[in-house]
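Colleague: I am a first-year student and would love a close look at one part of this model, the salt bridges. Could you walk me through them and the parts they join?

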Amino acid sequence: MNPPNALITPQHKSPLPFMAWTEFKMGIRTGQFRFLVVLLLLLGWSVGGAVGRGVATSAYAAGETACRYLGVMVAVWIALGAVRDTQMRTEVVIFTKPQPMERIALARFVGYFGQILCFITALFLGAILGRLATGLGLLGFTAYGFQFVRAVATLFFVASASYCLASLADSVIAGCIVALYWVVAMGGKEFLAKIYFVWYSQNLIAYTLLGLALLCFNLWFYRKRWRGESKVSPVIKLLAPTLLVLGGYAVWVVLRDGHDPMIRQTYALTRIESQNIVEGELTPGFLLPDSNGKPYSLANAEGKILIIALWSPQDPESTLLLSRLEEIYQKYKSQGVLPVAICVSEDGGVARTFAQGEALSYPVVYDWGTHNAARQAEMSPLCSAYRAERLPYVVVTDRRHRVTNMLPPPAGYEGTELQEQLELRLSEEPE
């Protein structure tokens with residue numbers, strides 16, 4: 001006769017990785033999962049085939065699509081998974097097994113988040129294939145990696161928040177509150193401060209910590225009435241409040257060190273904004289981080305003829321301008337010509353994405369004072385100082401950094417005007 005413990009099958013004693021793998025396989029075998037993977041491949045193909053010297057626009061478009069639009073789908077997908085047992089009426093079968101509640105909850109979350117990683121991978125793979133279909137190659141391929149990490153961190157917060165709300169309330173609707181927040185944030189962008197947008201690169205650490213905290217609180221209180229006399233792991237009781245405090249501190253640091261007229265303004269950037277560009281006078285100065293995070297100012301380019309270009313990833317022409325500036329730099333750098341591209345974006349990771357994705361060898365700096373606003377000229381301190389009503393906007397200076405020409409679009413990236421002004425500068429001020 002078998003001992004009582006023989007009634008507990010190996011599956012009942014399964015370690016966490018096996019349980020998570022089982023949850024993952026159950027999901028990827030469904031028709032809905034396969035349909036979504038194909039759909040995301042096609043979506044990635046459609047947004048990733050952007051033209052350009054490098055892959056920057058393709059990588060950025062894939063990252064934006066994943067962070068913004070895939071976020072809504074992930075919130076619903078996770079919410080449905082969190083209440084699966086209630087919907088299928090299998091609670092008694094699942095929760096009477098000799099497994100700690102937190103192990104079951106964590107295994108399910110890991111399994112479902114593994115499916116989300118497949119969704120993200122399908123989207124980026126489609127973007128890469130779309131780029132290859134243009135025949136332009138994969139110059140700057142590492143930009144895909146940066147945007148992929150950004151998408152994973154963003155959707156981790158979405159998944160953990162939706163999973164926590166849905167499982168604790170035992171309701172799909174509770175989890176879909178995260179999807180509703182995503183829609184409201186995208187629709188009301190002009191009226192919200194930057195800290196409310198999870199997908200901005202400068203916010204990712206804070207929201208990742210908060211997502212981990214929510215996950216730990218969920219493991220702590222998951223299916224409490226089914227727990228019986230078993231105790232919650234002390235590790236979870238320690239991690240939950242610790243991660244919450246760390247996440248709150250990270251949010252405070254972003255607010256403290258940032259610039260956003262809706263919350264807090266930084267004195268240095270208000271001084272930059274108070275400048276006014278005038279032809280024949282010194283160009284407005286700045287001290288901003290470059291794509292590697294190092295401070296960059298006009299003093300770094302002493303004695304150079306500068307091409308200062310303000311650009312935004314939202315303008316397709318900006319990629320054309322960045323590529324043209326690279327060609328100009330390679331042709332004239334020996335004669336002391338230096339382009340400086342100033343990224344006007346609310347997302348702190350855009351400058352790095354385009355510098356890598358376009359393989360740019362000249363400085364790309366980031367105006368971290370850029371904030372959400374209705375008009376481009378009002379978004380950035382430097383846009384205000386340079387009176388840039390439309391982007392991309394190009395300013396040419398002499399070797400003493402006095403403004404000689406201001407070229408609004410499309411003169412900066414089309415035609416011969418920029419080339420002619422450079423030739424004139426070089427003839428008047430040879431090195």
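Modeller: Let's start with contacts along the chain: among those in the protein chain with a separation of 6 or more, 75% are between residues 24 or more positions apart. Keep in mind that this is a predicted model. The protein chain has 17 helices and seven strands, and its C-alpha trace spans about 100 × 45 × 30 Å along the principal axes. Of its 431 residues, 53% are buried.

Now to the salt bridges. A search of the whole structure turns up nine of them. Let's take three in turn.

Begin with Glu23 and Arg108, whose side chains meet in a salt bridge at 3.4 Å, N to O. This pair links distant parts of the chain, with Glu23 in helix H1 (residues 16–28) and Arg108 in helix H6 (residues 101–133), 85 residues apart. Are these two buried or exposed? Both Glu23 and Arg108 are buried.

Next come Glu64 and Arg150, which form a salt bridge with their closest N and O atoms 2.4 Å apart. Glu64 belongs to helix H3 (residues 56–82) and Arg150 to helix H7 (residues 142–169), so this pair ties together parts that lie 86 residues apart in sequence. Glu64 is buried, and Arg150 is buried too. You can also follow the links further here: a network of salt bridges connects Glu64, Arg68, Arg150 and Asp347.

The third pair is Glu346 with Lys189, where the closest N and O atoms are 3.3 Å apart. Here the partners sit in loops: Glu346 is between strand S4 (337–343) and helix H15 (350–357), while Lys189 is between helix H9 (177–187) and H10, so the pair ties together parts 157 residues apart in sequence. Why does Glu346 count as buried? Its relative accessible area is 6%, and buried means under 20%.

Since H3 holds Glu64, let's look at a helix beside it. Helix H2 (residues 31–48) packs with H3 at an angle of about 155°, and their axes are 9 Å apart. That angle makes H2 roughly antiparallel to H3, because the cut-off for that word is over 145 degrees. H2 passes H3 in a right-handed crossing. On the H2 side, the residues making the contact include Phe33, Leu36, Leu40 and Leu43; on the H3 side, they include Ala61, Ala62, Thr65 and Leu70.

The loop with Lys189 leads us to H10. This helix (residues 204–221) has 18 residues and reaches 26 Å from its first C-alpha to its last, close to the 26 Å expected at 1.5 Å a residue. Among its buried residues are Leu204, Tyr207, Cys216 and Asn218. After H10 comes Arg223, with a positive phi near 45°.

Finally, back to H15, which borders the loop of Glu346. Tyr362 is found in the loop between H15 and strand S5 (364–366). With a relative accessible area of 4%, Tyr362 is buried. Which residues does Tyr362 touch, not counting those up to four places away in sequence? They are Leu322, Leu325, Glu326, Tyr329, Leu338, Pro339 and Ala341. Take one of these partners as an example: Tyr362 and Leu322 are 40 residues apart in sequence, and 9.8 Å apart in space from C-alpha to C-alpha.

Key
Residues numbered from 1 in each chain as written. Predicted model: local features only at pLDDT ≥ 70, side-chain atom pairs only at ≥ 80, totals over all residues. Heavy atoms only, no water. Helix = DSSP H or I, 4+ residues; strand = E, 2+ residues; numbered from the N terminus. Expected span 1.5 Å × (residues − 1). Buried < 20%, exposed > 50% of the residue type's maximum accessible area, 1.4 Å probe, protein only. Salt bridge = Lys/Arg side-chain N within 4 Å of Asp/Glu carboxyl O. Axes fitted to C-alpha atoms, helices over the stretch in contact; angles between N-to-C directions. Parallel < 35°, antiparallel > 145°, perpendicular 65-115°, else oblique. Left-handed = near helix turned anticlockwise from the far one by under 90°. Contact = heavy atoms within 4.5 Å.
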